[in-house]
Amino acid sequence: YKTDMFHATQIPPQHSAELIAPEHLFFISIDTLRPDFLGCYGNPNVHTPNIDRLARVGQQFRQCVVPLGRTNPSVASMMTSLYPHEHTVRALWDKLPQEFETLAERMKGAGFITTFVNGNSLLNPQSGITQGFDTYQGPRSGIVSFFKPDSTPVKRDRQPREGWKAKRITRTAIEELNQMEAGAQIFLWTHFMDPHWSYSPPQPF
């Protein structure tokens, strides 16, 4: 999670003094994606036209630093704007306490329909990260511990790699959008897992 890049649209400088309520908010995150493997960050050998387009029309960040290099603490900080010592999520299996308001809860309170389509089993409903979302699509269980009490390695949950790849997440997100009522304000978060371990590229690579 140390090098995830996030892109967001930005109000043009000439209108920065105006308060403009967004019609929709789409939040896209990609687990363990290195910035130097994106065209918008200077790699001439990869083709990422859609992300490059977002970088051109929105705000592209050149320096992003996470408060802790693990998935759940980093995501909890993104969702709450708090440091790990404040929201208390320090390990992969720590649960975000319900007392902390999340971005989804804030958006829901503002009248948005909130939807999370997820590919990472650690961000399942038991993690506390999904609080505030009206609907959740993704793995329902995750890694409680990487090891049994006797320190014997256990088989990891490979569902996010095999069951929730990018095509399925994208298809599910589009289906969720198509079910929304006309005129609804939407907050949609999609979290992709494909670049992550086990680092098994598709054929012919």
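# A walk through the chain

Let's start on the outside of a helix: Pro-49, Asn-50, Arg-56 and Val-57 are exposed residues on the face of helix 1 that is turned away from its buried side. Keep in mind as you look that this is a predicted model. The buried residues of helix 1, which spans residues 49-57, are Ile-51, Asp-52 and Ala-55. Looking down the axis of helix 1, you'd find these buried residues within an arc of 100°, so they line one face of the helix. That fits a general pattern: an α-helix has 3.6 residues a turn, so residues three or four places apart point the same way. And what covers the buried residues of helix 1? Strand 1 is part of the cover.

Now step back to take in the whole chain. There are 6 helices and 4 strands, and from the N terminus on they run β-α-α-α-α-β-β-α-α-β. Of the 205 residues in the chain, 39% are buried. The accessible surface comes to about 12,600 Å², with 55% of that belonging to carbon and sulfur atoms. How do distant parts of the sequence meet? Take the contacts between residues at least 6 apart in sequence: 58% of them join residues at least 24 apart.

Next up is helix 2, residues 71-80, and here the picture is one of cover: 9 of its 10 residues are buried. Among them are Pro-73, Val-75, Ala-76 and Met-79, along with Thr-71 and Thr-80. What do the buried residues of helix 2 pack against? Their partners are strand 1 (24-30), helix 3 (84-87), helix 4 (103-109) and strand 4 (186-192).

Follow the chain just past helix 2 and you come to Ser-81, with a positive phi of about 65°. Most residues other than glycine have a negative phi, which makes this spot worth a look. Ser-81 sits in the loop between helix 2 and helix 3, and it counts as exposed because its relative accessibility is 67%. One loop further along, between helix 3 and helix 4, you'll find Thr-88. Thr-88 isn't a glycine either, yet its phi is positive, about 75°. At 40% relative accessibility, Thr-88 counts as partly exposed.

Time to head inside. The largest nonpolar core has 17 residues, and Ile-129, Phe-187 and Trp-189 are those with the most contacts inside it. Helix 2, helix 4 and strand 4 are the elements that give two or more residues to this core. Helix 2 supplies the largest share, 3 residues. There is also a second, separate core of 15 residues, and that one includes Leu-33, Leu-38, Tyr-41 and Trp-164.

Phe-187 is a good place to pause. If you leave aside its neighbours within four places in sequence, Phe-187 is in contact with residues including Leu-25, Phe-27, Leu-103, Met-107, Phe-112, Ile-113 and Phe-133.

From there, turn to the strands. Strand 2 covers residues 113-118, and 5 of its 6 residues are buried, so the rest of the structure largely encloses it. Which strands pair with strand 2? Strand 4 does, in the parallel sense over 6 bridges, and so does strand 3 (residues 135-137), again in the parallel sense, over 3 bridges. You can pick out individual partners too: Ile-113 has Ile-186 of strand 4 as its bridge partner, while Phe-116 stands opposite Tyr-136 in strand 3.

Phe-116 also brings us to the rings. The structure holds 6 aromatic pairs. One of them is formed by Phe-116 and Trp-189, a stacked pair at 3.9 Å centre to centre with 5° between the planes. Phe-116 belongs to strand 2 and Trp-189 to strand 4, so the pair ties together parts that are 73 residues apart in sequence. Are these two rings' residues buried or exposed? Phe-116 counts as buried, at 0% relative accessibility, and Trp-189 is buried as well, with a relative accessible area of 0%. To finish, look at the wider group around this pair: ring pairs link Phe-27, Phe-116, Phe-133, Tyr-136, Phe-187 and Trp-189 into a cluster.

Conventions
Residues numbered from 1 in each chain as written. Predicted model: local features only at pLDDT ≥ 70, side-chain atom pairs only at ≥ 80, totals over all residues. Heavy atoms only, no water. Buried < 20%, exposed > 50% of the residue type's maximum accessible area, 1.4 Å probe, protein only. Contact = heavy atoms within 4.5 Å. Core = buried A, V, L, I, M, F, W, Y, C linked by side-chain atoms within 4.5 Å. Areas by Shrake-Rupley, 256 points an atom, 1.4 Å probe, with all protein chains shown as cover. Arc of directions from axis to C-beta. Pairing = 2+ DSSP bridges. Phe/Tyr/Trp six-rings, centres within 6.5 Å; stacked < 30°, edge-to-face > 60°.
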